[in-house]
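Colleague: Could you take me through how the parts of this chain are arranged, one question at a time?

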Amino acid sequence: MHPEHVVRLEIIIDPATGLRVLKVTELQKPSGELWMHWNLQRDSKRTRTVVHVHATHVVAAIYAGLALQAVSAEFPEISRYTRVGRSVPLLPALSRELADVTAECVNVRKDGTLEFDIVGQSNHGVCAVAMDP
Ligand SMILES: [Zn+2]
């Protein structure tokens, strides 16, 4: 990942709803998985980074039937620093449903805090969240 891959989007307040929304212009061309990122960042009170990758080894592990949440619990250096949520079931790439269920598996609370830092996504990849980019 390189700096030129980062698409900076402005967050504005929708005057009709009072909610924070993304302002996306036609020239910006953000990822088709923008909603996955937005679901996880929208209500954060602080800087929050979301990284979504298509890590083939993790995709293969989930495909083979491994539950990442259970596996991570067996590795102290993972479970000590990382909260692994349940994996997202198979859902269409780029879909709003994938974005929404990913947020459910990370367990985004009403106050914007998260229960988990990372979740696997069946036949797709991994979505991880941290404070420091
Ligand atoms: Zn993806």
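Colleague: Is the crossing of H1 and H5 left-handed or right-handed?
Modeller: This is a predicted model, in which local features need pLDDT of at least 70 and side-chain atom pairs count only at pLDDT 80 or more, while totals for chains, interfaces and linings use all residues. Residues are numbered from 1 along each chain as its sequence is written, and helices (H or I, at least four residues) and strands (E, at least two) are DSSP runs numbered from the N terminus. A crossing is called right-handed if the near helix is turned clockwise from the far one by less than a right angle, and left-handed if anticlockwise. By that rule, the crossing of H1 and H5 is right-handed.

Colleague: At what angle do H1 and H5 pack?
Modeller: H1 covers residues 34–41 and H5 covers residues 96–106, and their axes (lines fitted to C-alpha atoms, for helices over the stretch in contact) lie 8 Å apart. The two helices are therefore roughly parallel, a term for angles under 35 degrees. Taken between N-to-C directions on a scale from 0 to 180 degrees, the angle is about 30 degrees.

Colleague: How many residues of the contact of H1 with H5 are nonpolar?
Modeller: With contact taken as C-beta atoms, placed from the backbone, within 7 Å, Trp35, Met36, Asn39 and Leu40 of H1 meet Arg96, Leu98, Ala99, Asp100, Thr102, Ala103 and Val106 of H5. Of these residues, 2 are polar and 2 are charged (Asp, Glu, Lys or Arg), and the nonpolar ones (Ala, Val, Leu, Ile, Met, Phe, Trp, Tyr, Cys or Pro; the others, Gly among them, are polar) number 7.

Colleague: Which strands are included in what covers the buried residues of H1?
Modeller: A residue is buried if 20 or more other C-beta atoms lie within 10 Å of its own, exposed if 12 or fewer, and partly exposed in between. In H1, Trp35, Met36, His37, Asn39 and Leu40 are buried. What covers them includes H5 together with two strands, S3 (49–53) and S5 (125–130).

Colleague: In what order do the strands of the open sheet lie?
Modeller: The sheet has 3 strands with antiparallel pairing, where a pair needs at least two DSSP bridges. S3 and S4 (118–121) are the edge strands, each pairing on one side only, and 5 bridges join S3 to S5. The order is S3-S5-S4.

Colleague: What angle does the direction of H5 make with that of S4?
Modeller: Both helices meet this sheet, and H1 lies across S3 and S5, running at about 145 degrees to S3. H5 touches S4 and S5, and its direction makes with that of S4 an angle of about 140 degrees.

Colleague: In the hairpin of S1 and S2, which residue takes a positive phi?
Modeller: S1 (10–13) and S2 (residues 20–23) pair in the antiparallel sense over 4 bridges, with Glu10 bridged to Lys23. The loop between S1 and S2 includes Ala16, which is exposed because it has 7 other C-beta atoms within 10 Å. Of the hairpin's 6 residues between the strands, the one with a positive phi, near 80 degrees, is Gly18.

Colleague: Is Lys29 buried or exposed?
Modeller: Lys29 sits in the loop between S2 and H1, and has a positive phi of about 50 degrees although it is not a glycine. Since it has 9 C-beta neighbours inside 10 Å, Lys29 counts as exposed.

Methods: Parallel < 35°, antiparallel > 145°, perpendicular 65-115°, else oblique.
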